[in-house]
Amino acid sequence: MAEVTAGMVKELREKTDAPMMECKKALSEAEGDMVRAEEILRVKLGNKATKAAARITAEGVVAVHISNDGKLGVILEGNCETDFVAKNDDFIALVKNAAALVADKAPADVAALSALPMGEGTVESTRTALVGRIGENMTLRRFQRVEAKGQLHFYIHGGAKIGVLLDLVGGDAQLGKDLSMHIAASKPKALDASGVDAALIDSERRIAIEKARESGKPENMLEKIAEGSVQKFLKEVTLLNQVFVKAEDGKQTVEQLLKAKGATVAGFTLYVVGEGIEKKSSDFAAEVAQQAAAAAAAAQK
């Protein structure tokens, strides 16, 4: 049996907010497998164990660049250590300029983007110089370049913490805006069931089976119950099956809305700043001191 260390317990607790002893038991049962331990906690504690999945811990901004004809667009996430720097004009300019470069030069990945010319040097030298001047690390984390089948629409929310790039075929600008806002609010994982990661579906099925078994349901009913849970999950996380956030009757799905408008969604990209990144924790006083020091250093330059 794999050894369960205090560090592993601490990590699982931070990810799930579950009680420490429950984390230790789950890790022991999962023989140290962190992913399996999270599943065990979800079975025992319900959705409380997924609280950390929605917690955004890294700082930064999302930038969107769209060509004048609405046919070419880029969404890009840039990260930094503190919200103080996320509001810095030079950092924001770096992220926006990088997005424009992706649109123009179509680099294959972040490494290729970093090597492109910018200012008197490259994107990487510009980033490095800014890090040296401000005294805080910054990265260009990810981007998506889209050549539209229809027209591109976008929405930026929460101080550029959430960004959406939507490829809408048919419809109009208002529909594009409404759907982009819906995506930012409802955070679908895919357009339809075919785009959902099979590992997520398998995880939901396992959890549903274990919950049903623990509640005393007969073995011959477990698969049917699990399938019902999976279908409910898919409706919640796929854009076309979600109830439109502005639906007047509270029932109209996005798919029904699109049909009524004679439109279709060719695709979308949703970026949430810091998604999947864990930020090093610090107390409030230390963070304020760090921000004040960064401001003082910038003022002396």
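This section describes a three-stranded sheet, two helix pairs and two buried residues in a predicted model.

An open sheet is formed by three strands in the order E1-E2-E5, with antiparallel pairing. Its edge strands are E1 (59-66) and E5 (138-147), each of which pairs on one side only, and the twist from one strand to the next averages 15°. Strands of a sheet pair through backbone hydrogen bonds, either parallel or antiparallel. Between E1 and E2 the antiparallel pairing extends over eight bridges, and Val61 has Gly78 of E2 as its bridge partner. These two strands form a hairpin with five residues between them, and Gly70, which lies in the turn, has a positive phi of about 70°. On the other pairing, strand E2 (residues 72-80) is joined to E5 by nine bridges, the two strands running antiparallel; here Glu77 has Arg142 of E5 as its bridge partner. Helix H5 packs on the sheet and touches E1, E2 and E5, its direction making about 145° with that of E2.

Helix H5 also takes part in a helix pair. Two packed helices are described by the angle between their axes and the distance between the axes. For H5 (residues 89-105) and H7 (residues 123-134), the packing angle is about 170° and the axes are 11 Å apart; an angle over 145° counts as roughly antiparallel, and H5 and H7 are therefore roughly antiparallel to each other. On the H5 side the contact is made by Asp90, Phe91, Leu94 and Leu101, and on the H7 side by Val123, Thr126, Arg127, Leu130 and Arg133. Sorted by class, the contact of H5 with H7 comprises five nonpolar, one polar and three charged residues.

A second helix pair is formed by H9 and H10 (residues 222-237), which pack at an angle of about 135° with their axes 8 Å apart, an arrangement that makes H9 oblique to H10. The crossing of these two helices is right-handed. Helix H9 contributes Leu200, Ile201, Glu204, Arg205, Ala208, Ile209, Ala212 and Arg213 to the contact, whereas the residues contributed by H10 include Leu222, Ile225, Ala226, Val230, Phe233 and Leu234. By class, the contact of H9 with H10 has 11 nonpolar, one polar and five charged residues. One of the contact residues, Glu204, lies in helix H9 (residues 198-214) and has a relative accessibility of 15%, so that Glu204 counts as buried. When residues up to four places away in sequence are not counted, Glu204 touches Arg42, Val230 and Phe233; of these, Val230 and Phe233 belong to the H10 side of the helix contact.

A second buried position is Leu165, which has a relative accessible area of 2% and is placed in strand E7 (residues 162-169). Residues up to four places away in sequence again being left out, Leu165 touches Val64, Ile66, Gly73, Val74, Ile75, Val146, Leu152, His153, Phe154, Gly267, Phe268 and Thr269. Among these partners, Val64 and Ile66 fall within E1 (59-66) and Val146 within E5 (138-147), while Gly73, Val74 and Ile75 fall within E2 (residues 72-80). The partner Gly267 is 102 residues from Leu165 along the chain, yet the C-alpha atoms of Leu165 and Gly267 are separated by 8.6 Å.

Methods. Residues numbered from 1 in each chain as written. Predicted model: local features only at pLDDT ≥ 70, side-chain atom pairs only at ≥ 80, totals over all residues. Heavy atoms only, no water. Axes fitted to C-alpha atoms, helices over the stretch in contact; angles between N-to-C directions. Helix = DSSP H or I, 4+ residues; strand = E, 2+ residues; numbered from the N terminus. Parallel < 35°, antiparallel > 145°, perpendicular 65-115°, else oblique. Contact = heavy atoms within 4.5 Å. Nonpolar A, V, L, I, M, F, W, Y, C, P; charged D, E, K, R; others polar. Buried < 20%, exposed > 50% of the residue type's maximum accessible area, 1.4 Å probe, protein only. Left-handed = near helix turned anticlockwise from the far one by under 90°. Pairing = 2+ DSSP bridges.
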